[in-house]
Amino acid sequence: KHSIPCIALTRNGGKLNDICEISIAVDAPNVSYQVQQLHLSIYHYLCGKLEDAEAEMLIPIRKQNVSR
């Protein structure tokens, strides 16, 4: 059974701390655009890490398929 963790990007955590497995709170003034800019950087970082992990998992599979 696989499960996908819930990751929250917030300013202060709040109720999402109780709902999500991972809560990433940014330290920014209560100004919407500043919080969104920080979240965007975090989002791009996380996507890059997921793409790297996916590429590492797929390379051995592709090598096995080619050698058959």
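Which residues gather in a patch of negative charge on the surface? They are Glu51, Asp52, Glu54 and Glu56. The model that shows this patch is predicted. One of the four, Asp52, lies in helix 2, which spans residues 32-67. Asp52 has a relative accessibility of 45%. That value falls between the cut-offs of 20% and 50%, so the residue counts as partly exposed.

Now step back to the whole chain. The protein holds two helices and two strands. Read from the N terminus, the order is β-α-β-α. The chain has 68 residues, and 13% of them count as buried.

Start with strand 1, residues 7-10. In a regular strand, side chains alternate between the two faces of the sheet. Strand 1 shows such an alternation. Ala8 and Thr10 point to one face, and both are buried. Ile7 and Leu9 point to the other face, and these two are not buried.

What is the partner of strand 1? Strand 1 pairs with strand 2, residues 22-25. The pairing is parallel and runs over four bridges. Within it, Ala8 sits opposite Ser23 of strand 2. Ala8 is thus placed twice: by its partner across the pair, and by its buried face of strand 1.

Helix 1 comes between the two strands in the chain order. This helix covers residues 16-19, and Leu16 belongs to it. Is Leu16 buried or partly exposed? Its relative accessible area is 33%, so Leu16 is partly exposed. Leu16 also gives a distance back towards the N terminus: its C-alpha lies 9.5 Å from that of Cys6. Along the chain, these two residues are 10 apart.

After strand 2, a loop leads to helix 2, and Val31 lies in this loop. Val31 is partly exposed, because its relative accessibility is 28%. How far apart are the C-alpha atoms of Val31 and Arg11? The separation is 9.7 Å, although the two positions lie 20 residues apart in chain numbering.

Arg11 serves again as a reference point for Gln34, a residue of helix 2. From C-alpha to C-alpha, Gln34 and Arg11 are 9.9 Å apart, with a sequence separation of 23 residues. Gln34 has a relative accessible area of 27%, so this residue too is partly exposed. Helix 2 thus carries Gln34, and it also carries Asp52 of the negative patch.

Conventions: Residues are numbered from 1 along each chain as its sequence is written. This is a predicted model: local features need pLDDT of at least 70, side-chain atom pairs count only at pLDDT 80 or more; totals for chains, interfaces and linings use all residues. Side-chain values use heavy atoms; hydrogens and water are left out. Buried means under 20% relative accessible area, exposed over 50%, partly exposed in between (1.4 Å probe, protein chains only). Two strands pair if DSSP finds at least two bridges between them. Patches are made of residues with over 30% relative accessible area and no salt bridge: like charges are joined within 9 Å, nonpolar side chains (Val, Leu, Ile, Met, Phe, Trp, Tyr) within 5 Å. Accessible areas come from the Shrake-Rupley method with a 1.4 Å probe; for residues, only the protein chains shown count as cover. A salt bridge is a side-chain nitrogen of Lys or Arg within 4 Å of a carboxyl oxygen of Asp or Glu. Lys and Arg count as positive and Asp and Glu as negative; His and the chain ends are not counted. The place of a charge is taken as NZ of Lys, CZ of Arg, CG of Asp or CD of Glu.
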